[in-house]
Protein chains: 2
Amino acid sequence: MVTLKHLAEQLSVSISTVSKALNNSDEISPDTIERVKALAKHLNYKPNKLAVSLKKSKTFTIGVIVPNILNHFFAKALYAIEMEATKHGYNIITCLSNETRSKEDNSLQLLSNGSVDGFILSIAEETQIKDNIEHINDILKQNIPIVLFDRVSDLIACDKVIIDDFGAAFEATEYLLKEGRKHIVLIGDIEELSVGKLRTNGYLKALEDASDYSSGPEILSLKRGESAEAQIESLLRDDNSIDGIIAIDNVSGVIALQKAIKHKRKVPKDLSIIGFSDENVLQFTDPKLSTVSQHTFDIGRASVELLLARLEDRTPKTHTTKTIKTKLILRDTTL
Amino acid sequence: MVTLKHLAEQLSVSISTVSKALNNSDEISPDTIERVKALAKHLNYKPNKLAVSLKKSKTFTIGVIVPNILNHFFAKALYAIEMEATKHGYNIITCLSNETRSKEDNSLQLLSNGSVDGFILSIAEETQIKDNIEHINDILKQNIPIVLFDRVSDLIACDKVIIDDFGAAFEATEYLLKEGRKHIVLIGDIEELSVGKLRTNGYLKALEDASDYSSGPEILSLKRGESAEAQIESLLRDDNSIDGIIAIDNVSGVIALQKAIKHKRKVPKDLSIIGFSDENVLQFTDPKLSTVSQHTFDIGRASVELLLARLEDRTPKTHTTKTIKTKLILRDTTL
DNA sequence: GTGAAAGCGCTAACAA
DNA sequence: TTGTTAGCGCTTTCAC
C-alpha cells in the first residue's frame with residue numbers, strides 16, 4: 001500500500017507537504033502540488049480511509065440495519081439508501097436483524113465503536129412486539145444519530161421516515177366502498193407491527209364512516225406457523241360473498257389474486273383486490289394488482305437525507321418525522 | 001467515546017496495562033485484569049474499531065459488490081453472505097454496481113484503500129458484455145483477494161463460486177424431452193452473461209442429443225427495451241404447438257406461467273414450464289413453478305468461506321472454483 | 001513555501 | 001507485573 005511517507009521519500013519532501021499538496025493547500029507552491037499529484041497518480045496512491053477516519057473522527061459510513069432483506073420492500077429501501085449514500089460520498093455497512101432483537105442489538109453494539117457515523121434502522125419484529133427498545137435508546141444516548149424508517153416507535157426520540165399508513169388504508173377501503181363493495185375483508189400478517197396496526201385502523205375507520213355498509217369489519221390475521229396460501233385460499237373458497245380484499249402486507253394481495261384466479265372468481269368484476277407494496281413487487285401477475293404504492297425509493301432517500309442533515313448539524317435540536325406520500329395505484333384488480 | 005486513556009486515568013495505571021488487561025494478557029495480574037474489566041464494563045467501553053484496524057492492518061470487513069439487489073437472487077446471496085460473515089465476526093460493506101462497469105470500478109477503488117480485507121463480487125452486466133475486467137485485476141494486483149460468484153470471467157484469476165449452469169439447463173431440457181415434449185422453447189434475457197451462455201448451451205446440447213426430437217432449437221431472447229411480458233405473451237399466443245418452456249433467468253418462467261394461465265393453456269398437461277431460480281422467488285403462483293434451484297444460500301456461504309480461507313492463508317497458492325450443485329425441483333408445472 | 005511535531009486510539013516490543 | 005515507547009497513516013498547528 002502506497003502511503004504519504006512513500007511519496008514524501010520519493011520526492012524528498014516532508015510528509016506534511018505531501019498531505020497539504022494533495023489537499024490543494026495554498027500554503028504549497030503550485031509547482032510542488034503538481035509534482036506530488038503526478039507521483040501520487042503514477043503510484044496509484046489512495047489515502048488510507050481508516051487513518052483519515054480515525055484522525056477526523058468521521059467515517060463517512062452509515063450503518064444500515066434492516067429486518068429482512070428477502071422482503072422486497074426492504075431490498076428496495078436498501079437500494080435507495082445505497083444510491084443516496086453513495087451520491088453523498090458515504091458507504092453503507094449492512095446488517096440484517098432477521099427480525100430478532102438480539103441481532104439488532106448486536107449489530108448496533110458492534111458498529112457503535114467508531115465504525116459508523118450514524119444508523120438507519122427499521123425495527124425488528126421481535127423488538128416491536130416486546131416494545132423493548134432500550135438498546136436503541138442506548139445508542140442515541142451515546143450521541144450517535146439514528147434515523148428510523150417504516151417501523152418506528154414512539155418510545156424513541158429521533159428522526160423518522162414513515163408513510164401515512166392509516167390514511168393509505170383508509171383511502172383504499174374507501175375506494176372499494178365507492179365501488180359498491182358489500183363485504184370487504186382485510187388480510188395481513190403484520191398486525192403486531194406499528195404499520196400493521198395503523199393500516200388496520202384505517203380500514204376500520206373507513207368502514208365505520210360508511211353509512212350504508214352493513215356487514216361488519218372482517219380481518220384475516222394470518223397465523224405464522226401455517227401456510228398463508230392455505231389460509232387465504234380457504235377464506236375465498238368458503239365465502240363467496242366476499243367482494244373486496246385489502247391486503248396490508250407485501251404479499252397477501254398477490255396470493256389472494258392467484259387464489260381468486262384459480263377459483264375462477266371474476267376479478268375485478270365480482271371481487272376487487274388492493275395490495276400494499278411498492279410498485280414492482282411481484283409485478284408479473286395478470287391481471288396486475290392494484291396497490292397502495294409506498295414509494296419505497298423515496299423512503300430510503302429521505303432517510304439518508306435526514307441522517308446526513310443531522311450529521312452535518314443542519315437540523316434543529318428537535319426531531320423530524322417525515323411522512324412520505326402514498327398513492328393508490330389502480331391497475332387491473334379494481335374497477 | 002470512552003478510550004483506553006480514560007480507563008487508564010481512572011485506574012491510575014498505564015494505557016498499555018489497560019490494553020493488555022482487556023486482552024487477557026498473562027502479563028497482567030488477575031487482580032488488575034478484574035479491576036480494568038469492571039470499569040470498562042461500567043463505562044461501556046468499546047475498543048475503537050478504526051484504531052484497531054489501522055494498527056493491525058486488518059479490518060474484519062468484506063466489501064460486497066452486487067449488480068442488482070432488486071433481483072431476488074442477489075438479495076438472497078447478500079443475505080447468505082451477511083449471515084456467514086457475521087458468524088465469523090466480519091462486517092460487510094455493500095455496494096451496488098447497478099450493472100454498470102463504472103460504478104463497479106468506483107466501488108472497488110473506494111474500498112481498496114484499507115476499508116476492507118477483501119471483496120466478494122458478481123460481475124456487472126456491462127462489464128461482462130464488454131469483457132473489460134481490468135479494474136478487477138487491478139485490485140488483485142494490489143494483493144487484495146476477491147471471490148467471484150455466479151457471474152465470473154476466465155480472464156480473472158481468483159477464487160470463484162458458480163453453479164453448473166450448463167448441466168442444469170441440460171438436465172431440465174432432458175426432463176422435458178422425457179416427458180415427450182415436441183416443441184421446447186428457451187426464454188431468457190441473460191444471453192450476454194456467462195451464465196446465460198452456459199445455460200443456453202446446455203439446452204442446445206440436450207436437444208442435439210435427442211434423436212427423436214424433430215423441431216430445432218428455438219430461443220426467445222428478450223429484448224431489453226421492450227416488455228418481457230408482451231414478448232412472452234405473443235410467443236404463447238402465436239404458436240399453439242409450444243409444449244415446453246425452459247426459462248433461464250429469474251422471472252421469465254413466472255411470466256410464462258401467468259400468460260399460459262391467462263390463455264387457458266393446460267399446465268402441465270399441454271405445456272410444461274421450468275424456471276431458473278432459487279426456491280422461493282415468486283413463490284405464490286398457483287400452480288407452483290417447477291425450477292432449477294440454484295441453492296443461493298450455499299453460493300453466498302461458500303463465497304465467504306473461500307474469502308476467509310484466503311484471508312487467513314488457509315488456501316493453496318492456486319485458485320479454487322467451487323461448483324454448487326443445482327437441483328431440478330419438480331412442482332406443479334411439469335408432469 | 002516547507003517541515004517538525006503532536007495526536008486520533010490502539011497494540012506490542014522492550015525496558016524496568 | 002507494570003510502564004515506556006514507537007508506530008499504524010493521516011491531518012493540522014505552529015515554527016522556520
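How many salt bridges does the structure hold over all chains? In this predicted model, the number is 42. A selection of these pairs, together with the domain arrangement of chain A and one residue of chain B, serves below as a path through the structure.

The domain assignment divides chain A into three parts: domain 1 covers residues 4-47, domain 2 combines 55-162 with 296-323, and domain 3 spans 165-295. Between the C-alpha centres of domain 1 and domain 3 of chain A there is a distance of 64 Å.

Among the salt bridges, one is formed by the side chains of Lys288(B) and Glu229(A), with an N to O distance of 2.8 Å. Lys288(B) belongs to the loop between strand 9 (272-277) and strand 10 (290-293) of chain B, whereas Glu229(A) is part of helix 11 (residues 228-238) of chain A, so this salt bridge joins two chains. With 24% relative accessibility, Lys288(B) is classed as partly exposed. Glu229(A), at 13%, is classed as buried because the limit for that class is under 20% relative accessible area. The two residues also take part in a wider network of salt bridges, which links Glu229(A), Glu233(A), Lys259(A), Lys262(A), Asp286(B) and Lys288(B).

In chain B, Glu229(B) forms a salt bridge with Lys259(B), and their closest N and O atoms are 3.3 Å apart. Glu229(B) is located in helix 11 (residues 228-238) of chain B and Lys259(B) in helix 12 (residues 252-262) of chain B; the pair therefore ties together parts that are 30 residues apart in sequence. Both Glu229(B) and Lys259(B) are buried.

A further salt bridge lies within a helix of chain A. The side chains of Asp298(A) and Arg301(A) meet at 2.7 Å, N to O. The two residues are three residues apart in helix 13 (residues 296-311) of chain A, and therefore about one helical turn separates them. Asp298(A) has a relative accessible area of 27% and is partly exposed; Arg301(A) is likewise partly exposed, at 30%.

Contacts between the chains can also be followed from Asn113(B). This residue is found in the loop between helix 6 (101-111) and strand 3 (118-121) of chain B. Its contacts, leaving aside residues up to four places away in sequence, are with Met1(A), Lys46(A), Pro47(A), Asn48(A) and Lys49(A). Asn113(B) has a relative accessibility of 9% and therefore counts as buried.

Methods
Residues are numbered from 1 along each chain as its sequence is written. Chains are lettered from A and ligands numbered from 1 in the order in which they are written. This is a predicted model: local features need pLDDT of at least 70, side-chain atom pairs count only at pLDDT 80 or more; totals for chains, interfaces and linings use all residues. Side-chain values use heavy atoms; hydrogens and water are left out. Helices (H or I, at least four residues) and strands (E, at least two) are DSSP runs, numbered from the N terminus. Buried means under 20% relative accessible area, exposed over 50%, partly exposed in between (1.4 Å probe, protein chains only). Contact means heavy atoms within 4.5 Å. Domain bounds come from an automatic or database domain assignment. A salt bridge is a side-chain nitrogen of Lys or Arg within 4 Å of a carboxyl oxygen of Asp or Glu.
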